[in-house]
Amino acid sequence: FDTSGEATIITAHSKLAHYLGMLTHAVPIESQFKNLLPDNLNAELVLGSVSNVKEAVAWLAYTYLHVRMTKNPLVYGISYEQLLADPTLASYGKDLIVNAARQLRDAKLAVFDERSGNLYVTELGRVASHFYIRYQSILVFNELLKEHMAWPEVLALMSLSSEFENIMVREEELPELEALLRGGAAPHAPKGGVENKQGKANILIQA
């Protein structure tokens with residue numbers, strides 16, 4: 001592993017004290033990889049570097065998540081008793097991989113044979129990996145996508161993608177969003193209006 005690195009932080013002045021505190025107090029940076037494990041496992045499947053649970057557990061052992069789990073297990077829901085019983089966290093890692101594989105299977109991104117532990121990528125899995133589509137979005141598409149849909153329905157479906165979950169709707173933006181509707185840049189008015197994140201995403205996709 002690398003022992004040093006450089007980073008540039010671009011942030012609002014109000015957050016400056018927070019980041020300075022992290023530097024001066026040496027607060028460890030924890031991994032968020034656990035939340036993104038299904039998508040990253042899918043990427044490894046598509047690359048061909050992982051084809052079963054055993055290989056996936058070995059791959060997981062090389063991640064920063066594994067490093068932090070051994071250093072600060074409580075943050076990741078691991079008790080010290082579990083760490084003593086499983087110092088390499090191989091068993092815990094296997095549980096994480098199996099759970100992620102089941103999520104991929106539910107989203108039809110992979111075929112998972114639990115008896116053998118083998119994993120097989122699907123065409124949908126390739127598409128999701130190549131275009132960086134989260135498995136949560138694929139779950140929504142699988143549930144709501146129909147063979148025949150009008151453009152407003154397609155746009156409404158796309159705006160439900162989990163990729164837009166962090167979009168914020170600000171009051172000062174509403175006149176601009178309404179102007180895009182009136183001006184024809186967004187010809188299809190979102191069903192729920194522009195006052196929510198789905199409506200904002202819908203208009204921005206069109207514009």
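**Exercise 1. Arg68 and its surroundings**

In this predicted model, determine in which helix Arg68 lies, whether Arg68 counts as buried or exposed, and which residues Arg68 touches beyond four places away in sequence.

*Solution.* Begin with the secondary structure, where Arg68 is found in helix H4. Next, take the relative accessibility, which is 13% for Arg68; since buried means under 20%, Arg68 counts as buried. Then list the contacts: leaving out residues up to four places away in sequence, Arg68 touches Pro28, Ile29, Glu30, Ser31, Pro73 and Tyr76. Finally, consider Pro28 in particular, which is 40 residues from Arg68 in sequence, while the two C-alpha atoms are 9.0 Å apart in space.

**Exercise 2. The buried side of helix H3**

Establish which residues of helix H3 (residues 53–60) are buried, and what covers them.

*Solution.* The buried residues of H3 are Val53, Ala56, Val57, Trp59 and Leu60. Because these residues cover an arc of only 160° around the axis, they are on the same side of H3. Their cover includes the helices H2 (37–47), H4 (64–71) and H6 (90–106), together with the strands E1 (110–113) and E2 (118–121). As a last step, turn to the N-terminal end of H3, which is capped by Asn52, with a side-chain oxygen 3.2 Å from the backbone nitrogen of Lys54.

**Exercise 3. The largest pocket**

Describe the volume of the largest pocket and the residues of its lining.

*Solution.* The volume of the largest pocket is about 260 Å³. Its lining consists of 15 residues, with Ala156, Pro190, Lys191, Gly192 and Asn202 nearest the centre. Helix H9 (151–158) and helix H11 (197–206) are the elements that contribute two or more residues to this lining. By residue class, the lining comprises five nonpolar, eight polar and two charged residues.

Methods. Residues are numbered from 1 along each chain as its sequence is written. This is a predicted model: local features need pLDDT of at least 70, side-chain atom pairs count only at pLDDT 80 or more; totals for chains, interfaces and linings use all residues. Side-chain values use heavy atoms; hydrogens and water are left out. Buried means under 20% relative accessible area, exposed over 50%, partly exposed in between (1.4 Å probe, protein chains only). Helices (H or I, at least four residues) and strands (E, at least two) are DSSP runs, numbered from the N terminus. The arc is that of the directions from the helix axis to the C-beta atoms. Contact means heavy atoms within 4.5 Å. A polar contact is a pair of N or O atoms within 3.5 Å; within protein, one must be able to donate a hydrogen and the other to accept it, and residues adjacent in sequence count only if both atoms are side-chain atoms. On a 1 Å grid over the protein atoms alone, a cavity is a set of points where a 1.4 Å probe fits but cannot get out, and a pocket is an open set with protein on both sides within 12 Å along at least five of seven lines; lining residues have an atom within 4 Å of a point. Grid points are joined across faces, edges and corners, and a volume is the space filled by probe spheres set on the points. Ala, Val, Leu, Ile, Met, Phe, Trp, Tyr, Cys and Pro count as nonpolar, Asp, Glu, Lys and Arg as charged, and the others, Gly among them, as polar.
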